[in-house]
Amino acid sequence: QLDIAVSGQIDQWPQGPGQYMVGPNGQGGQPGLPGRQVFSPGAVVGRIGASGTPFAVGASFKGKVTDTGKLYLRIAASPWNCDCTGSYKVKVTVE
């Protein structure tokens, strides 16, 4: 069993501070960037192993996993292709 809990906020457009703040579930109403990613901008995404299939984590993920290897986490890219500011706090529990 893999349990991941994520909290915090990031600013996807730090050039205009506070205008595009999102949490770990990403930017609501944005399905992703065509041809680039399938996850909502700002969302937390995970994968297990260097070549594992990415999966949505968001604010929480709970489930059984069959893959082995390192757990990798990333933030889906800003729709404005800029570096985000802020941070997410992540707690991972493996049973």
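# Exercises on strands, core and surface

In strand β5, Phe61 is the bridge partner of Ile4. Strands here (and helices) are DSSP runs numbered from the N terminus, with at least two E residues for a strand and at least four H or I residues for a helix. You are working with a predicted model, in which local features need pLDDT of at least 70, side-chain atom pairs count only at pLDDT 80 or more, and totals for chains, interfaces and linings use all residues. Residues are numbered from 1 along each chain as its sequence is written, and side-chain values use heavy atoms, with hydrogens and water left out.

**Exercise 1. Describe how β5 pairs with β1 and how the side chains of β5 are arranged.**

Solution. Start with the pairing: β1 and β5 run antiparallel and share 4 bridges. Two strands count as paired if DSSP finds at least two bridges between them. Next, walk along β5, residues 60–63, where the side chains alternate. Phe61 and Gly63 point to one face and are buried, while Ser60 and Lys62 point to the other and are not. Buried means under 20% relative accessible area, exposed means over 50%, and partly exposed lies in between (1.4 Å probe, protein chains only). Finally, look at Ala59, in the loop between β4 and β5. Ala59 has a relative accessible area of 29%, so it is partly exposed. Leaving aside neighbours within four places in sequence, Ala59 is in contact (heavy atoms within 4.5 Å) with Ile4, Ala5, Val6, Pro24 and Asn25.

**Exercise 2. Which residues make up the largest nonpolar core, and which strand gives the most to it?**

Solution. First, the rule: a nonpolar core is a set of buried Ala, Val, Leu, Ile, Met, Phe, Trp, Tyr and Cys residues joined through side-chain atoms within 4.5 Å. The largest such core has 11 residues: Leu2, Ile4, Val6, Ile10, Val22, Val44, Ile48, Phe55, Val57, Phe61 and Tyr88. Strands β1 (2–11) and β3 (44–48) each supply at least two of them, and β1 gives the most, with 4 residues. Now take one member, Tyr88, and list its contacts. Not counting residues up to four places away in sequence, Tyr88 touches several residues, including Val6, Ile10, Val22, Val44 and Ile75.

**Exercise 3. Work out the strand order of the open sheet that holds β3, and explain why β4 and β6 have one side without a neighbour.**

Solution. The sheet has 3 strands in the order β4-β3-β6, with antiparallel pairing. Strands β4 (55–56) and β6 stand at the edges, each with a single partner strand, so one side of each is left without a neighbour in the sheet. Then check each pairing of β3. With β6, β3 shares 5 bridges; Ile48 is matched with Leu71, and Val45 with Arg74. With β4, β3 shares 2 bridges, and here the bridge partner of Val45 is Ala56. Strands β3 and β4 also form a hairpin with 6 residues between them, and Gly49 in the turn has a positive phi of about 85 degrees. As a last step, consider burial: 4 of the 5 residues of β3 are buried, so this strand is largely enclosed by the rest of the structure.

**Exercise 4. Find the residues of the nonpolar surface patch and trace them to their strands.**

Solution. Begin with the rule. A patch takes residues with over 30% relative accessible area and no salt bridge, joining like charges within 9 Å and nonpolar side chains (Val, Leu, Ile, Met, Phe, Trp, Tyr) within 5 Å. A salt bridge is a side-chain nitrogen of Lys or Arg within 4 Å of a carboxyl oxygen of Asp or Glu. Areas come from the Shrake-Rupley method with a 1.4 Å probe, and for residues only the protein chains shown count as cover.

The patch consists of Leu71, Leu73, Val90, Val92 and Val94, with about 380 Å² of accessible area together. Strands β6 (71–75) and β7 (85–94) each give two or more residues, and the largest share, 3 residues, comes from β7. Leu71, in β6, has a relative accessible area of 32% and is therefore partly exposed.

**Exercise 5. Is Asn81 buried or exposed, and what is its phi?**

Solution. Locate Asn81 in the loop between β6 and β7. Its relative accessible area is 62%, so Asn81 is exposed. The phi of Asn81 is positive, about 55 degrees, although this residue is not a glycine. For comparison, Ala77 sits in the loop between β6 and β7 and is partly exposed at 26% relative accessibility. The C-alpha atoms of Ala77 and Gln12 are 8.5 Å apart, with these positions 65 residues apart in sequence numbering.
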